[in-house]
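Work through the exercises below with the sequence and the structure in view, and try each task before reading its solution.

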Amino acid sequence: MSVTNIMTRVSVPDVMARKGAEPVVVLTAYTAPMAGMLDPHVDILLVGDSLGMVVYGLQSTLAVTTDMMIAHGAAVVRGSSRAMVVIDLAFGTYQESPEQAFRTAARVMAETGCTAVKLEGGIEMADTVRFLVERGIPVMGHVGLTPQAVNHLGGFRARGRSTAEQDKILSDAQAIAEAGAFAIVVEAVVEPLARRITETIPVPTIGIGGSAACDGQVLVIDDVIGTFSDFKPRFARRYADLGPQIGEAARLYAEDVRARRFPGAENTFALRQPART
Ligand code: KIV
C-alpha cells in the first residue's frame, strides 16, 4: 500500500466533519471487483462480517474469523482507491480485553491497509474503544441490534420498543462516542431513538434500519442489488434485481454448451500462419 493511497482516501476527520451536514454514504463490499464498482459512489466501504451470511452461507456472523475478514478486507482495499475502508472485527476476537482487541485490530490494519475497524457493543466496550483509539486505531461503533449478540437478544428484531431499552441504547452510543469512536452504526432501532442518539452524540450516526434521522446510511450490497434472497430486511431497499439475471446467464451458457454453440470460433485459439519471408 502506498502513502498516496492513504492520502487520497476519505479520512476519519472527513467523516467526522459530516455530522449534521452532508449525509455519509456507506455500502458493504467483500471483493475487489465489487469495491471497484462502488468506490466512486460511496464515502465508506464496510467489509462487514455480514459476509458470513451473504458470501459464505452461514446462519449468523458468529463463525466468521479474522482470517476471513483479512482476506476480504485486503481485496476491498486493493479494489478501491478513494473510499475509506472499514473492517469488522470478528466475534470473539476483541470482547475479552482491550489488549486482545488491540492485537486483532492491529493485525487487521497491518495486513489489509484499511483505515479503521468496527466493533459491536455499548458501555461494556467503551474501555476497549478508548484503548484502541489512544493507540492510533480509528474505531467505528455499532449499537442497537448487534448481530454478534443474536443469541442474547433472541433474534434480529428491531430494538428500542420500551423506554428502558431506549435509554440503555442511548447510553451505549454516548459511552462509545465519549470513548473516541469516530462514527457509530445504529442498527434496527425505532425512529425516535435513532433521532435522539443522532441529536445527542457529537459524531455521525450511520443508520441501517435507523431511519432518515441518522447522519448517514449503510446497506448490505447484496440487499441493494438483489443477490441475497434468504430474507429481505424491512430496512433494505432493492435498487437492482441481479439474482435472476445471473441465473438466466448461467441457463443460457449451459444451453449453449449442451448444444455445442459455445465456444465459438471467436473463443478459440487458431494456429498462427508462419510469417512469409
Ligand atoms: O456486517 C455488516 O455488514 C454490518 C452492517 C450491516 C452495518 O455490520
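**Exercise 1.** Which residues are around the ligand in this predicted model, and how do the residues of the shell divide into nonpolar, polar and charged?

*Solution.* Begin by listing the shell, which consists of Thr28, Leu46, Gly48, Asp49, Ser50, Asp88, Lys118, His142, Val185 and Ile208. Then sort these residues by character, which gives 3 nonpolar, 4 polar and 3 charged.

**Exercise 2.** Find how far the side chains of Asp49, Asp88 and Lys118 are from an oxygen atom of the ligand, and then say where the ligand sits.

*Solution.* Take Lys118, where an N or O atom of the side chain is 2.8 Å from an oxygen atom of the ligand. For Asp49 the corresponding distance, again from a side-chain N or O atom to a ligand oxygen, is 3.0 Å, and for Asp88 a polar side-chain atom lies 3.2 Å from a ligand oxygen. Next consider the surface of the ligand, which exposes 260 Å² when taken alone, and of which the protein buries 95%. Finally, look at the location: the ligand sits in the largest pocket.

**Exercise 3.** How many salt bridges does a search of the whole structure find, and is Glu134 buried or exposed?

*Solution.* The search finds 17 salt bridges. One of them joins Arg135 to Glu134, with the closest N and O atoms 3.9 Å apart, and another joins Asp172 to Lys168, with 2.7 Å from N to O. To classify the first pair, note that Glu134 has 60% relative accessibility and therefore counts as exposed, whereas Arg135, at 42%, counts as partly exposed, because exposed requires over 50%.

Note on methods
Residues are numbered from 1 along each chain as its sequence is written. This is a predicted model: local features need pLDDT of at least 70, side-chain atom pairs count only at pLDDT 80 or more; totals for chains, interfaces and linings use all residues. Side-chain values use heavy atoms; hydrogens and water are left out. A residue is near a molecule or strand if one of its heavy atoms lies within 4 Å of it. A polar contact is a pair of N or O atoms within 3.5 Å; within protein, one must be able to donate a hydrogen and the other to accept it, and residues adjacent in sequence count only if both atoms are side-chain atoms. Accessible areas come from the Shrake-Rupley method with a 1.4 Å probe; for residues, only the protein chains shown count as cover. On a 1 Å grid over the protein atoms alone, a cavity is a set of points where a 1.4 Å probe fits but cannot get out, and a pocket is an open set with protein on both sides within 12 Å along at least five of seven lines; lining residues have an atom within 4 Å of a point. A molecule sits in a cavity or pocket if more than half of its atoms lie within 2 Å of its grid points. Ala, Val, Leu, Ile, Met, Phe, Trp, Tyr, Cys and Pro count as nonpolar, Asp, Glu, Lys and Arg as charged, and the others, Gly among them, as polar. A salt bridge is a side-chain nitrogen of Lys or Arg within 4 Å of a carboxyl oxygen of Asp or Glu. Buried means under 20% relative accessible area, exposed over 50%, partly exposed in between (1.4 Å probe, protein chains only).
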